[in-house]
Structures are given as C-alpha cells and as structure tokens.
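Colleague: Could you take me through one part of this model in close detail? I'd like to understand how the two chains meet.

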There are 2 protein chains.
Amino acid sequence: MKTMIMERIKNKDYHDKIMSAMEAAALIKDGMTIATSGFTPAGYPKAVPKALAERIKREGIDLKINLYTGASVGDELDGELARVGAIKKRLPYQTQSDCRNKINCGEIDYIDMHLSHVSDFVRYGFLSKIDIAIVEAIAITEEGYIIPSTSLGNTPAFIENAELVIIEINTRHPKELEGIHDVYQPLKPPNRIPIPVITPKDRIGETYIKVSPDKIKAIVISDIPDSVKEFPEIDEISQRMADNLIDFLENEVDNKRLPENLLPLQSGVGAVANAVLGGLVKSKFSGLSIYSEVIQDSVLDLIDSDKVNIASGSSLTLSPKGLERFYNNIAKYKDKIILRPQEISNSPEVIRRLGVISMNTAIEVDIYGDVNSTNIMGTKMMNGIGGSGDFTRNAYISIFTTPSTAKGGKISSIVPLVSHCDHTEHDVQVVITEQGVADLRGLSPKEKAKVIINNCAHPDYKDALLEYYSNEMNQCHISHKLNEALSWHYRFLSTGTMKK
Amino acid sequence: MKTMIMERIKNKDYHDKIMSAMEAAALIKDGMTIATSGFTPAGYPKAVPKALAERIKREGIDLKINLYTGASVGDELDGELARVGAIKKRLPYQTQSDCRNKINCGEIDYIDMHLSHVSDFVRYGFLSKIDIAIVEAIAITEEGYIIPSTSLGNTPAFIENAELVIIEINTRHPKELEGIHDVYQPLKPPNRIPIPVITPKDRIGETYIKVSPDKIKAIVISDIPDSVKEFPEIDEISQRMADNLIDFLENEVDNKRLPENLLPLQSGVGAVANAVLGGLVKSKFSGLSIYSEVIQDSVLDLIDSDKVNIASGSSLTLSPKGLERFYNNIAKYKDKIILRPQEISNSPEVIRRLGVISMNTAIEVDIYGDVNSTNIMGTKMMNGIGGSGDFTRNAYISIFTTPSTAKGGKISSIVPLVSHCDHTEHDVQVVITEQGVADLRGLSPKEKAKVIINNCAHPDYKDALLEYYSNEMNQCHISHKLNEALSWHYRFLSTGTMKK
Ligand SMILES: CC(C)(COP(=O)(O)OP(=O)(O)OC[C@H]1O[C@@H](n2cnc3c(N)ncnc32)[C@H](O)[C@@H]1OP(=O)(O)O)[C@@H](O)C(=O)NCCC(=O)NCCS
Ligand SMILES: CC(C)(COP(=O)(O)OP(=O)(O)OC[C@H]1O[C@@H](n2cnc3c(N)ncnc32)[C@H](O)[C@@H]1OP(=O)(O)O)[C@@H](O)C(=O)NCCC(=O)NCCS
C-alpha cells in the first residue's frame, strides 16, 4: 500500500488527505451540487458515490444533490444514487436505467444538454455553483497536478470552478495511461482565442490538470473498474446499415466529394455505431482518422488493422476485454489515441474546421428529415442528445442511421412527424436504414419526403407514409395534417402498433 | 458615362465586356443554376434579373433556374423572377411575398438552410454546380478585382465556384464604399485553419474579391437602389419586449454574468429586433460591439450616440434615409463597420469564441422552450431559419423574443407543442414576450414549462396552458398528450382562433 501511495501520489503534502470513501462521502451535504469526472461511462468516481449511497441507506437520511457529469456514468454513480433517491437534478447525459426511470416518473429533474455547452455554462455562472468536484485519477504528480483516468469530459472546468475537490485514485488503471490526455481550457469571452487543433493529432495542452492544493479536501484509493459492457454480436440489420453507410462513403469518394482517406470520423454510441466502425475494418479505406467522443473497442481494431492513424476522443470506453488489450500494448495505442475535454472533442469550431463526418443513431426520423434522438413517443427520455447535435450541425456530412422499424416491426422509425425534435431538417444530410440511403443534400422538403419514404422506410409502412405524404394538402413546402401528424404514435400507445 | 466607366472599371481589358442588361440576361438558359450576391436585402443584382423577367414575359419562353443567394433579396430579383415562374429551386432564405407564395403552393422548391452552411455546401460540391454568378459591385480595380456593394453574403464562394460571372456595376453606391469589406475564404478540410477573428473589429482578409478575368462574361451598368423598407414606428408591444430584454441584460451585468459593456450583440431581423437595438441607444450601456448579420438603421443610431465602437455584419441593410445618412458621413461610419462573408459573420467558431449575445424573433415557442422560426401553423413557410440557428446554438446567451399573441389575440405564441421546430429546447436559453422574461438556464423541461407559462404567456391563454401542462401525465420529463399537442393549431385552422 505504502509503495503504491508513493508511486501514485508523488506530492507528499497530499498524503494526509487520504481517507476512506465513507469519510470523503461525509463531506457531501443535502442540497449540494456535485460535479464529477466520467464520460460515457468511463473514468467516473465509484467509491465515494457508493459510500454515499450506503450512508444514506444506513442512516435513513434525506439527502439530495444536483449531479453534473461529463456524459453518462456507470451504475456505481447514477444507479446507486438514483436508487436511494439522492439525485435532485441531473445533467447533461445519462444511460443508467434506474436514473432514467426516475427522470421519466418526474422524480429527477434532468437537463438534457449539448455536451459542448456544459463547461462553458459552468464557467459563465449559468448553473448552480459547484460545491464539490469528485474526480477519478490515476495519479497526482510531484507538483500536485492531477492525472485523470479513462476520460476527460468536463473535469478541468469542474475542478476549476468547484469549491472543493475529492480525488479517487483508481489503481485499476495502470500508471502508464499518463500522457494520453490533452488538457486545454478556453478562456472566457472576450478573451477567448482560437482553439489550435488543426488536425486530429494535434496536442494543444498539458497531460495533467492543475489545481490549487487547498481545494483538495480528500483523496480516496479505489480499484473498482469502469463498468463498460461487451457489445453484442452485430446483427443482420446493423450489418446492412453499416454496409449501406460504407457504400455511401465510397460513392462520395468516387464522386470526388471526399478525399480517398475520407475526413475525420465521428461515430455515435450503441450497436449500430459499433457495426459501422467494424465495417470500416473490412473496407478498402485506409489512412483514416477519428475525431469523436468515445473510443470504443472497434477503434482498437481499426488501429490494429492499420486503417486508423489517430483517434481523438473524450473517453476510453473499452469493454473489459478491450481494456485488457489496450493495457497489454499501451505504448502503441497511447501513441495513436488522445483524450480531450469534451468542449474540445465536441467543439463546433474544431469539428467544422476538420470537416468531421458525423454518424449518429436516431430513434426516429420524419419524412422531412427531422430527427428524434432522445424521447421515445415524444414523452419517454431514453439517454439524451449527447454530442449528436455538436457533431451533426457542424459536420462536413451529417449522417443518421436507424433500423427502419423498432419493437419487432410494431413501430416505424420513419414517421410523418417526429414526436420530439432534436435535429431539424436544416441539419440532417443523410439518413440510412437497413433498407437504403436517403441523400438529402440539395433537396427541398417535398423532395426529401419522397427519397426518405422510398429509400429508407420499411415495406410494411411505405404505403401508409406515401398516403400521408401524397394527400393533396401535402404538395407544398412542408405540409402536415395537424390532426394526423402524431396519430401514428398515438395509435401505438393505444393499440400497441403503428399499423392500422 | 465615359468618365464614370473609367472611374468604376479601372481595368481597361474589361471595358469591352460591358453590355446591356438584356444582352447579359441572354446568357441565362433554362435549367441553369444562378448564384447571386445579396443579403437581407442589400447588394443584390437588379438590372439583369429584371431584364431576364422581361425577356421571359415578352418571348413567352419557359425558362426556370435554380436561384442561390446570400439571404433575402429584393423584388427586382425574387419578385420579378417568381412572378414569371422562372424559379425552380431557391435557397437559402427569402422574404419576398410572391416568391413565398409560390413556395407555399409547391411551385418553387425551397431549401431553407443555415446561412453559415451555404458557401461550404457549394465548395464541397453538395449542391448543383453554379453556371453563372451575378454579382453587384461598386467597381473593378486595376488588377481586375471586384469591389462588392452593400453586402458580401456568399459572393466570394459563388464567384470562385461559378463557371461564368456577370457583374452589375451599380453607380448608385458611392465609390467610397471601397474598404468596408473584409473578404476571407476558408480552405476546404483537411486544409482549413482557424478563422483569425479574435475581436469583432479584426480585419482578416482583403477589401476586394479576386476573380480570374476570363470567367467574367458580362459587365452591366445599373443605378437601381436596394429596396430596403423604412421601419414602422415602434409599437407598444415591441417597446415592452425591448424594455424586458434590456432589464434582463442589466440584471446579468449586476450578477456578474456579463461584463459591463456586455459582449458582442447579434440581433435578428424585423420590427422587434429594431426596437431592441433602439432601446440600447437609451440604455446605460456603452462601449458595445455588434457581431451580427444585418447592419440596420438602428446601428447608425448606436454609433452616433457613441454606444457602439464596432459593428460587423454581412450587409448594410439601410432604409433610403439611413443610406443617405451613411453616405453623408461615410468616412466616420466606414471606420466602425465591417462587412464579411456570411460564413464568417455567421461562423459557429467565431460566434462561440466572441461570446455573442444572440437576440432573434420566434414565430412561436412551446412550453418546453422549442422554437418555431419558419413555418406558420407548421405548414406555411414565412421566411426561413436564416442565421438564427448559427447564432442561437453558439451564443453566450441565446434569447428569443416574440409577442405573446398574434393575429389580434386569436393565436397564442406560447403553445403546448411547436407546430414546426427550428431551435430545440437544448438551444434556447431565454424567452421574452411583452409579458415578461423566462430564463431557462439550468432548468429541466418541467421547470421551464412553469416559467414560460407564468412569465411569458398572455393572460388569455395562461389557464389553458397550465391545464395542458398540469395534467397528471405531464409531471414527468417532457410530456405531451399526443392527441392534443397540436390541437391548438388545428383549432385555429378550423375555427379561426386558438381559444376554445
Ligand atoms: C438513439 C439511441 C438511443 C439508439 O441507441 P442504440 O443502442 O443504437 O439503439 P437500440 O436499437 O438499442 O434502441 C434503444 C431503445 O430505443 C428503442 N427504440 C428505438 N427506436 C425506436 C422508435 N422509433 N420508437 C420507439 N422506441 C424505439 C429500442 O426499442 C430500444 O428500447 P429498449 O431498450 O426498451 O429495447 C442512442 O444512439 C442515443 O442515445 N443517441 C443520442 C445520443 C447520441 O447520439 N450520442 C452520440 C454522440 S454522444
Ligand atoms: C420570425 C419572423 C418571421 C418574425 O418577423 P417580424 O417581422 O418580427 O414579425 P411579425 O410580427 O411581423 O410576424 C410576421 C408574420 O408572422 C405572423 N405570426 C407571428 N407569430 C405568429 C404565430 N405565433 N402564429 C401565426 N402567425 C404568426 C404575423 O402575423 C405576421 O404575419 P402577416 O405578415 O401575415 O401579418 C422573422 O424574425 C424571421 O423570419 N425569423 C427567422 C429568421 C431569423 O431569425 N433571422 C435572424 C437572423 S437572419
């Protein structure tokens, strides 16, 4: 233990701040705003939130906090705290089922934000003041600087703007992770200058986070692993979407609208996103780069197959197997992977400059190309918008994929009108389902409707969509029968299927 | 005439390209894509489109073009061509009533785009190839460079990517306008570098547009003025919205969330926007700067009252009186006004860096803070999204104003669900009506609903909105009764009022 501490916490002044998770958790009081490291779900604190939940359960106290994170975090944070009713307000993104259920029954107030906005909103004083930042780290340097773990998220801005800081040193992560991070914090306007990322591989900051020592109130030692799940096998539908997407990209290259090695790729979260990246391994493309949010297992495949030279993101979201693979060859991967704060990985400035190709998953798409990424049937929060808006709006080409149906065919993912809108028709350029590709660039809404219905809708729903669209009212710009526009969703809720 | 030509067209090689508008118009063939200068409505070509319309009428020919502009243009272009049925496809923004009517009856295919996207989409080959660019200019230099007139819009990218160029030298604009423009064109990814605008006053390019001489096929002399309308007197409702907005800004300064001289201001188009800028003249603020799209009459007032040091935009949209005032004191104003290409005035990169305060007008806002800027009753295009999305998404603080009712009170501008979504609840931070201010920062949707209804809705509709919202279904995250969400609009369409 002593050697480990000497190795991990090089600055000796910090040694007397080491305490148990339970002692650190006692610093957290009712009504506080707690901001943590962690991004989709990697590098979040685990020991302190678990201890807090335990304390709440044991003592039967009523303690509620506002919880700010980078993006989604694991069960040890969102799950434990949601289950004991300790979350009052939550931002900016979540994927944990107990947390989600409490959001959907109105118990947790959820603010679903563009991931690129969070650090600025904190900095500008638009959100409640951060009482305590809890940050997972692999080490503290001699100078007292923090070396983060598997994600960077909003950690630098949270630390800078927090009253107090609790650090969880997680010995599960090898010290050799040091050097993978690139910490850069923009100044506040009117003093802000250009973010100097010109290519995905540019390092523009430091490998540690500076913090004033007297802010650090507790250091807790932990070895709980990130709870990233293994991806399921790629199913046929996902494979067909991935194939369609790669065909589309090849066609863009053939038509000289994209260079042969494409442009930096962003890929969303989930099974389809994973299949798409997997498809690239087998594709003819090479010399690729990634400028995205999460670095998933498939990115390691792309690096191993020499397809990708550089991958920039905000978190290392690897399955246990992926993590083992990464740690077994850490020097090689570290050379090709950069972790950035999410305000840099998701920066509109950088995304538009680099010309990122964005590939995200939609819940549903309407016939005019609006996209719902968040609210099932307009009223049940799934995860949140995450970074999909940051990338989509600023992409060189913005692509959304979705299976053409959901719930065993009872739901058409192509609908007359989205039941909730996260990405407007102004932002969505390409829609891909297992049925085909709708390239919406340069099309008016009524042209879009035809392409989306004909190329992307499932055969079971095509006629009904065409009927909705081709009603004589609907020959204009954007037209809707307002009393029918949401009737498909209403029918599903009443009858269990969108089919008539 | 001869002296004028010598003065305006310094490069003598160009003199034999001078021809009549009718001759130039003969270059335009059926099916062509024509891209013009012009921005909201200033600096658009007038003589050639008028001649084209005349020719179509006289010869009874069937000629249809795709028309790309910077933003809205005047009657001489959109009106004349729409009336003779010569527009097949139109992008990215329009405000002319005949053009709008043909869009809404399905005769013109309209692509309603973020203004910052247009030049890139042209450059990347995502839109049909430009056959002819028609550009209004005040002069051609000895080197053969073009000095644009009262706007910059997409002109540089259109010229660069057009097969041929027609120039309208408009002698109505004094030569002294030269020097007001700042022409900068970003490279294509992967070679793009940071846009070096660090403060609104930074000039980063040239005062002219370079063009290869053999592209220029015709030069036409014209003296038709821009058709910018005088603003009506500021009415009481607009005045109250302006007062509310200025109160809000003062409060932000008092709470140290904004510096005393604020941050660069963007202000939308229309009567309310004009009232707001007018309100600033009488406010206690000073040392202000403007980073916006259109430079309206009220900006001259702000400069004259020493409130504003620098105003950056993409067009000089001055009423005839305003223009006279400008031209009478051109040296003074030129020193404080910069005209940029719209991909720079509307650049997400620059807007977020500068921390622009965006103030745009909504058609309607729903209880969760989604905004409709474009489609009345979800189905009738008004103008287009314009730059409102570019600014809103990237603003330091994004503000929308709207009167709480429309059509003499028969319509509530606060509705259960927007009938068309242009700005999602993720993007909209502050909503202001004549009733009050809803500050949505840091609020969950259900908290937003309460603030929007209580502070912004008109008393005539408050109860009905609260009833919709406070139904037990609606205590969760975002909730809607899907069969009622659009019923207010439907009722208006059926009965002529949203009132029950
Ligand atoms: C949209 C998103 C939820 C899809 O996730 P996924 O894992 O690829 O998709 P799945 O097919 O497993 O769908 C997830 C759930 O939504 C349901 N669903 C999908 N489409 C649906 C539709 N049209 N109607 C109703 N439910 C639908 C699925 O049935 C599934 O529900 P279940 O868990 O109860 O079975 C996910 O990509 C997301 O959260 N996106 C927004 C954030 C984002 O884009 N981030 C990327 C950058 S951070
Ligand atoms: C939204 C917008 C149309 C408002 O314009 P404005 O001149 O301030 O507003 P007005 O009150 O005159 O409203 C314009 C029309 O919309 C109608 N309208 C306004 N609110 C309405 C509502 N809630 N429902 C139905 N109609 C409505 C008005 O009655 C008026 O119609 P009319 O001309 O038939 O009388 C205008 O700001 C716009 O086009 N915005 C989008 C682009 C933009 O924001 N650009 C800024 C950066 S470029």
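Modeller: Happy to; here is a walk along the interface between chain B and chain A. Please keep in mind that this is a predicted model.

Let's begin with the extent of the interface. On the chain B side, 76 residues are in contact with 76 residues of chain A. Together the two chains bury about 6500 Å², with 57% of that area on carbon and sulfur atoms. Three residues, B:Arg393, B:His426 and B:Leu482, supply 12% of the area that chain B buries against chain A, more than any other three residues.

Now for the polar side of the story. Between chain B and chain A there are 6 salt bridges. One of them joins the side chains of A:Glu349 and B:Arg353, with N to O at 3.1 Å. Across the interface, 27 residue pairs are in polar contact, with both residues at pLDDT 80 or more.

Which elements give two or more residues to the side of chain B that touches chain A? They are α5 (97–104), β4 (109–110), α14 (348–354), α15 (388–394), α16 (445–456) and α18 (487–495) of chain B. Of these, α14(B) provides the largest share, 5 residues. If you sort the side of chain B that touches chain A by class, you find 33 nonpolar, 24 polar and 19 charged residues.

To recap for your notes, α14(B) gives the largest share of residues on the chain B side, and the salt bridges between the chains number 6.

Key: Residues are numbered from 1 along each chain as its sequence is written. Chains are lettered from A and ligands numbered from 1 in the order in which they are written. This is a predicted model: local features need pLDDT of at least 70, side-chain atom pairs count only at pLDDT 80 or more; totals for chains, interfaces and linings use all residues. Side-chain values use heavy atoms; hydrogens and water are left out. Contact means heavy atoms within 4.5 Å. Buried area is the accessible area (1.4 Å probe) that two parts lose on being put together, summed over both. A salt bridge is a side-chain nitrogen of Lys or Arg within 4 Å of a carboxyl oxygen of Asp or Glu. A polar contact is a pair of N or O atoms within 3.5 Å; within protein, one must be able to donate a hydrogen and the other to accept it, and residues adjacent in sequence count only if both atoms are side-chain atoms. Helices (H or I, at least four residues) and strands (E, at least two) are DSSP runs, numbered from the N terminus. Ala, Val, Leu, Ile, Met, Phe, Trp, Tyr, Cys and Pro count as nonpolar, Asp, Glu, Lys and Arg as charged, and the others, Gly among them, as polar.
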